[in-house]
Amino acid sequence: MKGLKKQRRIQIIALAAVALLGATGLVGYAMRDGINFFRSPTQVVEQPPESGEVFRIGGLVEEGSIIRGQGETVTFRVTDMNQSVPVAYTGVLPDLFAEGQGMVGTGSMVDGTFQATEILAKHDETYMPKEVVDALKEQGVYVDPNQPDS
């Protein structure tokens, strides 16, 4: 009798482990489209994303690059002061979207142009998304707006 209880206990533990692994696999599979990695323009140029891969790109809107087309499509270039990537967005841009300001867009690359499905802009004159600040610091061109000019 003692051997049977021990065997049953081992079977239950093994079944629970398999169920846990299965549940973890299903959660990971379900989340794969919900995870969008951030890339700077330099990373996009140096290591192009896979076709159809959804990711976030951020940087500064390049001066003189905003072209408002016919209808709602707007094209511009986003830069990290090292490389720049063309962006196309169909929709209404945020009120605070402007040249020389920080932005983050979600979308995918299509024929060398980032097709954005969402554009986020800065909140006030000193805010910049953390990912954009990190990318600009990595390039050595970040200037803290809260520090007085020397």
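Q: How many helices and strands does the chain have?

A: Happy to start there. This is a predicted model, and its chain has three helices and seven strands. Read along the sequence, these elements follow the pattern α-β-α-β-β-β-β-β-β-α.

Q: How do I check the span of helix α1 against its number of residues?

A: The general idea is to allow 1.5 Å a residue. Helix α1 covers residues 2-31, so its 30 residues should span 44 Å. The end C-alpha atoms of α1 are indeed 44 Å apart, which agrees with that expectation.

Q: How many of the residues in α1 are buried?

A: A residue counts as buried when its relative accessible area is under 20%. In α1 that count is zero among 30 residues, so the helix is hardly covered. For the chain as a whole, buried residues make up 29% of the 150 residues.

Q: Which residues does the UniProt annotation "transmembrane region" cover?

A: According to the unreviewed UniProt entry, that annotation covers residues 12-31. In the model, this stretch is 100% helix and 0% strand, with its end C-alpha atoms 29 Å apart.

Q: How should I read a salt bridge, and how many does the structure hold?

A: Look for a side-chain nitrogen of Lys or Arg within 4 Å of a carboxyl oxygen of Asp or Glu. The structure holds two such pairs. One joins Arg39 to Glu53, with the closest N and O atoms 2.9 Å apart. Arg39 lies in strand β1 and Glu53 in the loop between α2 and β2, so the pair links distant parts of the chain, 14 residues apart. Arg39 counts as buried because its relative accessibility is 17%.

Q: Where does the salt bridge between Glu62 and Arg77 sit?

A: Here the closest N and O atoms are 3.8 Å apart. The pair again links distant parts of the chain: Glu62 belongs to the loop between β2 and β3, Arg77 to strand β4, and they are 15 residues apart. Glu62 is partly exposed, with a relative accessible area of 24%, and Arg77 is also partly exposed, at 29%.

Q: Is Ser40 buried or exposed?

A: Compare its value with the cut-off of under 20%. Ser40 has 4% relative accessibility, so it counts as buried. Its place is in the loop between β1 and α2.

Q: Which residues is Ser40 in contact with, leaving aside neighbours within four places in sequence?

A: Ser40 is in contact with Ile57, Gly58, Asp80 and Ala135. As for the whole chain, residues 24 or more positions apart account for 53% of the contacts with a separation of 6 or more.

Technical notes. Residues are numbered from 1 along each chain as its sequence is written. This is a predicted model: local features need pLDDT of at least 70, side-chain atom pairs count only at pLDDT 80 or more; totals for chains, interfaces and linings use all residues. Side-chain values use heavy atoms; hydrogens and water are left out. Helices (H or I, at least four residues) and strands (E, at least two) are DSSP runs, numbered from the N terminus. The expected span of a helix is 1.5 Å times one less than its number of residues. Buried means under 20% relative accessible area, exposed over 50%, partly exposed in between (1.4 Å probe, protein chains only). Contact means heavy atoms within 4.5 Å. UniProt positions are given in the numbering used here, feature names are shortened, and annotations may be inferred rather than shown by experiment.
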